Amino acid sequence: MTTITKETPIIAAVPGRPFGLVRHSLVMARRSLIKTMRTPEQLLDVTLQPIIFIVLFVYLLGGAIAGSRHDYLQFLLPALLVQNVLFASAPTGVSLNTDIKTGVFDRFRSLPIGRSAPLIGGVLGDMIRFVVAIVVMLGFGYVLGFRFGTNPWPCSRRACW
């Protein structure tokens, strides 16, 4: 007996669609954002946790460490921005690991999408979460009295050089 097998090529993107990877990545980012909206603890990590950290550190430790809560807020908020982005980046890996364990990535491999689209989409969705977290922190910090002490254009009207 002989068996004839026909190899089918794996299509990375639908022919005739030049921006297929971008479009597929945006769909995966939307999927990531829908998962965030449907998981209350991820939504609280983005909105409520930064406010709790600011209140805790500024009003509990601010006067004891810096002498003035306002001075400590000026020092603390940029550090809390970095800390919040680092803490919020952990769910990126956890979400991708969960998708791999449950077999969702196997389903993605069977679709005519780019191999990197699920990864790019997940990271893009989490970047949107980071932007929301930063806006929440800066908005609440502004209410408490945080002000930027730098000038984005340090040069005068003359050229800088």
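The following exchange concerns two residues and one pocket in a predicted model.

Colleague: Is Val135 buried or exposed?
Modeller: Val135 has its place in helix α6, which spans residues 117-144. The relative accessibility of Val135 is 53%, and since the cut-off for the upper class is over 50%, Val135 counts as exposed.

Colleague: What distance separates the C-alpha atoms of Val135 and Val46?
Modeller: Along the chain, Val135 and Val46 are 89 residues apart. In the predicted model, the separation between the C-alpha atoms of Val135 and Val46 is 9.9 Å.

Colleague: Is Thr36 buried or exposed?
Modeller: Thr36 is found in helix α1, and not counting residues up to four places away in sequence, Thr36 touches Gln42, Leu43 and Arg129. The relative accessibility of Thr36 is 5%, and because the cut-off for the lower class is under 20%, Thr36 counts as buried.

Colleague: Which residues that line the second largest pocket are the closest to its centre?
Modeller: The second largest pocket has a volume of about 180 Å³. Its lining is made up of 19 residues, and those closest to the centre are Ser32, Lys35, Ser95, Gly122 and Asp126.

Colleague: Which helices each supply at least two residues of the lining of the second largest pocket, and how many of its residues are charged?
Modeller: The helices that each supply at least two residues of this lining are α1 (20-38), α4 (90-102), α5 (104-110) and α6. By class, the lining of the second largest pocket has six nonpolar and eight polar residues, while the number of charged residues is five.

Methods: Residues are numbered from 1 along each chain as its sequence is written. This is a predicted model: local features need pLDDT of at least 70, side-chain atom pairs count only at pLDDT 80 or more; totals for chains, interfaces and linings use all residues. Side-chain values use heavy atoms; hydrogens and water are left out. Helices (H or I, at least four residues) and strands (E, at least two) are DSSP runs, numbered from the N terminus. Buried means under 20% relative accessible area, exposed over 50%, partly exposed in between (1.4 Å probe, protein chains only). On a 1 Å grid over the protein atoms alone, a cavity is a set of points where a 1.4 Å probe fits but cannot get out, and a pocket is an open set with protein on both sides within 12 Å along at least five of seven lines; lining residues have an atom within 4 Å of a point. Grid points are joined across faces, edges and corners, and a volume is the space filled by probe spheres set on the points. Ala, Val, Leu, Ile, Met, Phe, Trp, Tyr, Cys and Pro count as nonpolar, Asp, Glu, Lys and Arg as charged, and the others, Gly among them, as polar. Contact means heavy atoms within 4.5 Å.
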